Amino acid sequence: MSTILPARHQVPLPLDRIILRDSPGAEAIEMDVVIVGGGPAGLACAIELAGLVKRDQESGGGMPDVGIAVLEKAGSLGEHNLSGAVVNPRAMRELFPDRAPSDFPFRQPVAGEAVYFMTEGRAQRLPTPPTMHNAGYYTASICEIVRWLGERAEELGVNLFAGFPVDALLVEGSAVRGVRTTPSGLTRDGGRTGDYTEPTDLTARVTVLAEGTRGLLTQAWRQWQQVGSQNPSLFALGVKEVWESARPLDRVIHTLGWPLPHDAFGGSFFYPLGERQVAIGLVVGLDYHEAALDVHDLLQRFKLHPLIRPYLDGGQLLEWGAKTIPEGGYYALPERRCGDGVLVTGDAAGFVDVPSLKGIHYAMQSGIYAARAIFEGLKRGDTSRSGLAAYDRMVDESYIVADLHRTRNMRLAFKDGLYVGGFKAGLMTLTSGRFPSARIEMPEDAATPRHVAPAEPMAPDGKLTVGKLDAVFKSGNATRDTIPSHLLVGPDVSAEVADFYSHLCPAGVYERVGDELRVNPPNCVDCKATDVLGPRWTPREGGSGPKYRLM
Ligand SMILES: Cc1cc2nc3c(=O)[nH]c(=O)nc-3n(C[C@H](O)[C@H](O)[C@H](O)COP(=O)(O)OP(=O)(O)OC[C@H]3O[C@@H](n4cnc5c(N)ncnc54)[C@H](O)[C@@H]3O)c2cc1C
Ligand code: SF4
């Protein structure tokens, strides 16, 4: 049987394009703090910082006005955010201590939960592992959370620039001094349309990287500044749908087993979003072994299971989307998350607890800590690495790192497959993470060989199950067809590798035509899966990509 080693076919990170030693342009916008990414991490940072400045000024603390900008690549806030989501409200309460939980943009409290081990026709209920207890939490749409946070930020005078992807960091010595946005209005071959807009430079005393999973700027900053970690970052791909359901779902459901092969790590989630809607998704670790594994396809099969189907049959698919999740956990955290003029927050830093599938409150909490460190740094006039080091200290002493430490080897145990991994994870739970005492070493996802075998594609029925092109339509993606490609394809793409990419990408961006790879960049929904295992993703014209409303 032949194998593919994904790393062999990848291009290196285009560091010279992302780390720019140029002086800012004459028209540069001067800010004090620039936040890249309007997700939970970036917006929590902006809200906390604006609040600290306001309270300081009101109490006569003497803090001058602070210009805060959030740059978001989506055309409008929330359109590029995707989560489960069951939310731990802890960070929301800390950010808004004067508000009641009923003010928060959640859909409903978690009223019950169940975990199942699935085979093709059956579902065996399992005791809920402690890491998966969700009592006291809420189901929610992250798009709604993000839109609501955006309104709170705007009320505090934060400048929100949606439709402005950041292309590069402007640097001087070892310090980040600001950012440059992508141009828009280019033709496929790089010419200018009538709508061409130049890149914009923004200067800042502190730049906060809150760009989410597999952040391009964070990868570049870490490589440039040689910020390592004990294990490499690992990722999973989640494909999700929101349905108007045929009947109400009264519990939060998680499943293990079918339709995943035994040697892949992952599972499903099935959440109620009020009386009439449900969220269903499948998450698979990107260190899977079969080149033909296709997460979108597996989710379509999963919906036909007798446990799930009765909720969807007669209902309606409202929205579809996909996104990667950083899964490396404690051992993959960057050894530092601050540098001269820069901080890394949320998923960009890998603050996700995989066994509980939680990242939103860690992202928000890290944004809050970043704001507090920036406020102190600005007050002292010191935004160097040591001036911002309080951020790393706060994160290290917080529940973020404590939680990730408790589950430090759980995801890693599953590199030996579901049964061995499940057994080891059970022992880890019993010993509060003390077994095994040593770190389980992991290769990066792209270093795992993939076995090539013929695929058995499923034929979608267009109602309960959908193909990739219909799915992309349901993501709201309306990217201009004539846009230049933002995907950097590596050398030696054989027919087998083309097949591998076509299964890997949930949005049908890659196709094998004859023995060649055909790329359809406008379909891309920015999930970043191929950035992990195949062609590199780079930012493109603002407002491109999905237009999620319910994810
Ligand atoms: C399928 C799935 C299920 C999940 N389920 C749960 C759950 O149930 N509960 C939970 O707590 N967590 C869950 N998570 C994790 C959670 O969604 C994340 O941890 C959280 O969203 C991270 O927030 P963030 O702000 O760091 O990143 P994001 O939410 O990804 O926000 C980053 C923002 O930065 C923007 N951006 C990226 N690059 C650029 C650029 N170059 N220029 C400008 N903007 C940029 C993006 O468009 C995005 O809006 C899930 C994740 C997935 C994928
Ligand atoms: S091409 Fe886009 S949609 Fe496809 S896997 Fe890569 S990032 Fe995701």
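Helices and strands here are DSSP runs, numbered from the N terminus. With that naming, Asp526 falls in the loop between β28 (516-519) and α16 (529-533). The model is a predicted one, and the legends below take it one close-up at a time.

**Figure 1. Ligand 1 and its polar partners.** Let's start with ligand 1, which has 36 residues around it. Glu72, Ser83, Val86, Val166 and Asp347 are the closest of them. The side chain of Glu72 brings an N or O atom to 2.6 Å from an oxygen atom of ligand 1. At Val86, a polar backbone atom sits 2.8 Å from a nitrogen atom of the ligand. Gly359 joins in with a backbone N or O atom, 3.0 Å from a ligand oxygen. On its own, ligand 1 would expose 1,000 Å², and the protein buries 99% of that.

**Figure 2. The shell around ligand 1.** Here we look at the surroundings of ligand 1, whose space is the largest cavity. Several elements supply at least two shell residues each, including α2 (40-58), β5 (68-72), β20 (266-272) and α9 (360-380). Strand β22 gives the largest share, with three residues. Sorted by class, the shell has 19 nonpolar, eleven polar and six charged residues.

**Figure 3. Ligand 2 in its own cavity.** The space that ligand 2 takes up is the second largest cavity. Around ligand 2 you'll find, among others, Cys505, Tyr510, Cys524, Cys527 and Lys528. Its shell counts nine nonpolar residues, one polar and one charged.

**Figure 4. Arg180 and two aspartates.** Arg180 belongs to strand β13 (residues 175-181). Its relative accessibility is 18%, so Arg180 counts as buried, the cut-off being under 20%. Its side chain makes a polar contact of 3.1 Å with the side chain of Asp22. The side chain of Asp201 is another partner of Arg180, at 2.7 Å.

**Figure 5. Helix α6 and its cap.** Helix α6 (residues 295-302) is mostly covered, with seven of its eight residues buried. Among the buried ones are Val295, Leu298, Leu299 and Phe302. Asp294 caps the N-terminal end of the helix, placing a side-chain oxygen 3.2 Å from the backbone nitrogen of His296.

**Figure 6. Arg512 in strand β27.** This view centres on Arg512, found in β27 (residues 510-513). At 35% relative accessibility, Arg512 counts as partly exposed. Ser494 is 18 residues away from Arg512 in sequence, and their C-alpha atoms are 9.6 Å apart in space.

**Figure 7. Two cis peptide bonds.** Most peptide bonds are trans. The bond from Gly84 to Ala85, though, is cis, with omega near 0°. Ala85 sits in the loop between β5 and β6 (86-87). Trp258 and Pro259 are also joined by a cis peptide bond, with omega about 10°. Pro259 lies in the loop between β19 (252-257) and β20.

**Figure 8. Two residues with positive phi.** Most residues other than glycine have a negative phi. Gln226 isn't a glycine, yet its phi is positive, at about 55°. Its place is the loop between α5 (216-225) and β18 (235-244). Gln226 is exposed, with a relative accessible area of 67%. Asp526, likewise not a glycine, has a positive phi of about 60°. Asp526 is buried, with a relative accessible area of 6%.

Key:
Residues numbered from 1 in each chain as written. Chains lettered and ligands numbered in written order. Predicted model: local features only at pLDDT ≥ 70, side-chain atom pairs only at ≥ 80, totals over all residues. Heavy atoms only, no water. Near = heavy atom within 4 Å. Polar contact = N/O pair within 3.5 Å; in protein donor to acceptor, adjacent residues only side chain to side chain. Areas by Shrake-Rupley, 256 points an atom, 1.4 Å probe, with all protein chains shown as cover. 1 Å grid on protein atoms, 1.4 Å probe; cavity = no way out; pocket = protein on both sides within 12 Å on 5 of 7 lines; lining within 4 Å. Sits in = over half its atoms within 2 Å of the grid points. Helix = DSSP H or I, 4+ residues; strand = E, 2+ residues; numbered from the N terminus. Nonpolar A, V, L, I, M, F, W, Y, C, P; charged D, E, K, R; others polar. Buried < 20%, exposed > 50% of the residue type's maximum accessible area, 1.4 Å probe, protein only.
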